[in-house]
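Please have the structure open in a viewer with the selection tool at hand. The stops below can be taken in order, each beginning with something to select.

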Amino acid sequence: MRIPLSWLREFAQVPADATAEDVMADLVKVGFEEEAVHRPTDALKGPIVVGQVLSLVKEPQSNGKTINWCQVRVVPEGQEQTLTGKGIDPSGVQGIVCGAHNFVEGDKVVVTLPGAVLPGDFHISARKTYGHMSAGMIASVRELGIGEDHDGILVLSRIGLDPEIGSDAMELLGLYDQAAEINVTPDRGYAFSIRGVAREYAHATGTSFTDPASLVKAPAELSGGYGVKLNDEAPIYGKPGCDRFVARTVRGVDATRPTPQWMVSRLRLAGIRSISLPVDISNYVMLELGQPNHCYDLDKLSGDIVVRRAAAGEKLLTLDGKERTLDAEDLLITDDSGAIGIAGVMGGANTEVSDSTTNILVEAAHFDEVSIARARRRHKLPSEASKRFERGVDWNLANVAAQRVVDLLVELAGGTADEAGTDVGTAPETVTIELPAGFAAARIGIDFTPEQITGCLEDLGASVETTDTGYRVTAPSWRQDLETKEDLSEEVARLVGYENIPSTLPVAPPGRGLTRAQQQKRRAVQALADAGLTEVLSYPFVSKAANDTFGVAAEGAERSAIKLANPISEEQGFLRTSVLPGLIEVARRNLSRGFRDLALYEAGLVFLPEGTLGTESIPPLGAKPEAAVLDGLFDGVPHQPLHIAALMCGHDSPAAAGHAPRPWDWADAIDAARLLGDVLGVELVVSQGSHQAFHPGRAAQLALRSGEVVGYAGELHPKLLAAHDMPARSVAMELDADALFDTAADVIVAKHISGFPVATQDVALVVPQDVPADAVLAALREGAGELLEDVALFDVYVGKGIEDGKKSLAFGLRFRANDRTLTADEASEAREAAVAVAAERFGAVQR
């Protein structure tokens with residue numbers, strides 16, 4: 001919302017020397033955000049004066065153009081030129097070359113004298129052109145930065161002005177005014193008006209406020225006016241689309257009269273261009289009071305006005321020149337000819353006010369916020385009117401705004417107002433709120449005196465009644481956002497001053513904190529970060545091909561995924577069933593920017609549809625559904641487990657003198673998965689795996705001891721890497737984190753550390769190639785007994801000395817006792833017992 005300061009000063013006591021920055025600083029105190037300052041003098045500097053064309057000689061040029069050599073008086077005749085500067089003639093008559101042809105001798109124009117600066121940092125100086133010394137410029141509105149019209153010179157008589165020669169044209173055109181622009185939140189629609197902002201400025205500064213609505217003398221009742229019927233047969237949520245419609249008639253207007261310059265300049269600073277006098281008056285009243293209104297050409301109306309819902313497929317040509325196909329939910333203004341406007345959004349072209357209009361019907365109505373908001377979004381048709389209606393307009397303002405438009409049409413357009421008028425509709429019930437005496441203090445955290453509470457609420461315009469338990473508050477009609485005691489408490493805090501609320505950290509209540517799953521997730525992601533991986537966040541939207549590749553292990557297996565109804569891109573039209581596609585895209589983007597060594601991870605949800613998704617119907621908005629309906633909605637939501645994935649490519653460290661970095665390999669991916677299992681206290685069973693996204697010989701299946709497969713790790717498939725322009729031998733892992741969390745113990749108990757030395761024994765076993773190393777390791781662990789502290793595979797050999805179809809697996813075994821130092825015989829005996837179990841199960845033979 002832009003607020004011209006001259007306008008604001010009419011209703012609030014803004015100091016004469018206050019700048020837009022000062023006003024915004026005050027409005028910040030009552031909860032508005034600063035946006036921008038609009039000040040014409042930042043780009044426009046004088047001397048810019050009123051001049052009169054004394055003579056005009058047309059001179060054709062060799063380039064085909066015809067220029068005007070003008071003599072322009074810029075000082076009243078008989079007076080001396082008081083301005084000095086290079087190029088300013090002391091006689092008060094300037095010689096100026098002008099290429100425009102829309103003015104004649106005797107016209108009063110705006111002259112920018114040497115030394116002036118126009119928008120775009122265009123400096124005016126005396127210079128020789130077309131054979132003359134041109135000392136100044138006769139300006140157009142576009143050159144002055146006050147409009148887009150560049151058809152010709154700004155002739156002051158055509159905008160209703162006849163100023164004295166030599167007077168300050170910047171003051172004449174309102175260019176010394178400035179506007180403060182603030183951000184208005186959706187719940188404070190009343191502040192989309194000078195009326196609302198002036199009230200808030202008075203709250204912020206403690207000064208007086210004059211309500212502009214109180215200055216309008218509107219009749220208490222209206223009757224006998226133009227016929228209007230409210231006929232909403234399909235209200236949304238049972239609320240009529242229009243509950244008040246005021247119509248007034250003004251006859252004999254001259255729509256061709258120029259809009260007064262004071263109104264044009266204020267509208268311009270407020271961000272609205274001048275169109276015609278009736279339209280400008282309509283916009284001016286909307287900005288002043290916050291009540292949108294509309295002017296119809298009365299002679300183009302046919303029959304009574306009816307406010308109704310549209311018929312499906314009905315057409316309307318709107319003021320922007322576009323024919324729109326209407327929806328059955330659209331609220332329309334109609335007459336016997338059909339639709340003449342989308343209520344609260346935009347009028348129709350057929351009843352538009354034009355230069356030939358002499359009789360005007362003024363409309364000021366109150367429309368339902370939901371109806372207007374839906375129509376505006378449906379037709380992608382934002383307007384100043386819809387911006388206000390969808391945020392809530394004061395029901396009591398309609399007759400006041402209509403009267404204000406009528407008064408201005410009579411005053412400025414020479415019309416005559418009919419005494420008869422129309423005012424139909426039903427007033428909404430007033431909102432009464434019970435505010436317990438100590439509620440505001442308990443909610444905000446500071447004590448408020450009764451005087452502060454009643455004073456603040458009455459300043460808002462509310463009616464406050466003291467009761468035995470607190471206060472009974474009737475909210476003002478322009479504050480539809482005040483519905484609960486919490487709302488009132490926040491208003492009291494806002495007006496007393498946010499700066500008075502102490503900054504104290506709340507004490508966390510005992511027995512609360514992170515949930516079990518939150519603690520486990522934090523532990524897992526922190527472990528990967530501590531291991532040197534970088535956390536990233538990718539989009540959950542992927543292609544069908546990505547889900548087909550990563551969503552199931554076996555190529556061609558049945559796979560289900562959720563297709564988006566309105567995707568950002570058709571290429572990413574599905575919700576992911578794996579985190580790895582997003583990680584690959586992040587890696588590709590970094591690789592393309594020269595980052596060759598990457599170790600990335602992400603913890604995110606995947607979407608695995610099971611059974612029936614969604615519901616047959618969506619519950620209506622505006623009311624909380626019943627518990628059974630909510631249960632049905634949740635049942636229709638897809639399963640969304642948390643997955644943690646990592647991807648590594650390039651090398652594990654930067655190259656340096658004396659240091660050769662090691663390329664990431666499949667073992668690093670498995671180690672990353674094992675790390676997650678270790679920090680969660682879950683033992684992962686690693687075995688040879690097969691997944692279509694991974695290398696057929698360098699992939700591991702990750703499972704729980706129960707046999708449930710929870711992920712895969714290893715080297716990505718060479719064809720997949722080539723297709724995505726990824727480095728060869730890139731490795732990755734992905735785990736179902738929710739499955740790990742479910743298995744993890746609530747408390748991980750650290751093992752006792754023995755003070756006695758360890759005894760190490762190595763053993764190499766020859767087994768068939770199809771025997772998983774992890775199965776052999778499990779057999780050794782079982783056979784070694786309680787003395788075994790740890791066992792790990794450290795070598796796999798196939799080749800010379802090993803029979804075809806077999807492999808050699810080398811394991812390191814660590815033995816330790818809690819109460820003594822083990823002898824070599826005890827360690828050897830435990831090792832042989834372990835080998836015996838492996839030999840029995842797999843035919844293992846020691847090398």
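Helices, named here with α, are DSSP runs of H or I with at least four residues, and strands, named with β, are runs of E with at least two, both being numbered from the N terminus. What is on screen is a predicted model.

**The whole chain**

Begin with the chain as a whole, which holds 22 helices and 39 strands. Its radius of gyration is 40 Å, well over the 29 Å that the globule rule gives for 847 residues, so the chain is more spread out than a compact globule. Turned along its principal axes, the C-alpha trace spans about 125 × 80 × 55 Å. Of the 847 residues, 49% are buried, and among contacts with a separation of 6 or more, 70% are between residues 24 or more positions apart. The exposed surface comes to about 41500 Å², of which carbon and sulfur atoms supply 50%.

**Gly-46**

Select Gly-46, which sits in the loop between β2 (33-38) and β3 (48-60). With a relative accessible area of 36%, Gly-46 is partly exposed; once residues up to four places away in sequence are set aside, Gly-46 touches Gly-115, Ala-116 and Met-170. Now add Arg-831 to the selection: Gly-46 and Arg-831 are 785 residues apart in sequence, and their C-alpha atoms lie 100 Å apart in space.

**Helix α5**

Move on to helix α5, residues 194-205, whose twelve residues reach 16 Å from the first C-alpha to the last, close to the 16 Å expected at 1.5 Å a residue. Is α5 enclosed by the rest of the structure, or open to the outside? Eleven of its twelve residues are buried, so α5 is largely enclosed by the rest of the structure. The buried residues include the charged side chains of Arg-195, Arg-199 and Glu-200, along with Tyr-201 and His-203. Just after α5, select Gly-206, where the backbone takes a positive phi of about 75°.

**The sheet β15-β22-β14-β23**

Next, select the four strands β15, β22, β14 and β23, which in that order form an open sheet with antiparallel pairing. The edge positions belong to β15 (294-297) and β23 (416-425), each of which pairs on one side only. From one strand to the next, the twist averages 20°. Within this sheet, β14 (residues 242-251) and β23 are joined in the antiparallel sense over seven bridges, and Arg-251 has Thr-416 of β23 as its bridge partner.

From β22 (360-367), step to Asp-368, which lies in the loop leading from that strand to α8 (369-378). Asp-368 is buried, at a relative accessible area of 5%. Which residues does Asp-368 contact, leaving aside its neighbours within four places in sequence? They are Lys-239, Pro-240 and Gly-241.

**Strand β31 and its partners**

Now select β31, residues 642-649, a mostly covered strand in which eight of eight residues are buried. Leu-642, Ile-644, Ala-646 and Met-648 point one way from β31, while His-643, Ala-645, Leu-647 and Cys-649 point the other way, and all of them are buried. Add β30 (residues 598-605), which pairs with β31 in the antiparallel sense over eight bridges, and look for Tyr-601 opposite Ala-646. Then add β35 (residues 731-736), which runs antiparallel to β31 and is joined to it by six bridges; here His-643 stands opposite Asp-736.

**The sheet β37-β38-β36-β39 and its helices**

For the last stop, select β37, β38, β36 and β39, an open sheet of four strands in that order with antiparallel pairing. At its edges stand β37 (788-797) and β39 (845-846), each with a single partner strand, so one side of each is left without a neighbour in the sheet. The strand β36 (residues 759-768) and β39 run antiparallel and are joined by two bridges, with Gln-846 in β39 as the bridge partner of Leu-765. Helix α22 (residues 824-842) packs on this sheet, touching β36, β38 and β39, and its direction makes about 15° with that of β36. Finally, bring in helix α21 (residues 773-784), which lies across β36, β37 and β38 (806-815) and runs at about 150° to β37.

Note on methods. Residues are numbered from 1 along each chain as its sequence is written. Side-chain values use heavy atoms; hydrogens and water are left out. Two strands pair if DSSP finds at least two bridges between them. Axes are lines fitted to C-alpha atoms, for helices over the stretch in contact, and angles run from 0 to 180 degrees between N-to-C directions. The radius of gyration is taken over C-alpha atoms; the globule rule is 2.2 Å times the number of residues to the power 0.38. Buried means under 20% relative accessible area, exposed over 50%, partly exposed in between (1.4 Å probe, protein chains only). Contact means heavy atoms within 4.5 Å. Accessible areas come from the Shrake-Rupley method with a 1.4 Å probe; for residues, only the protein chains shown count as cover. The expected span of a helix is 1.5 Å times one less than its number of residues.
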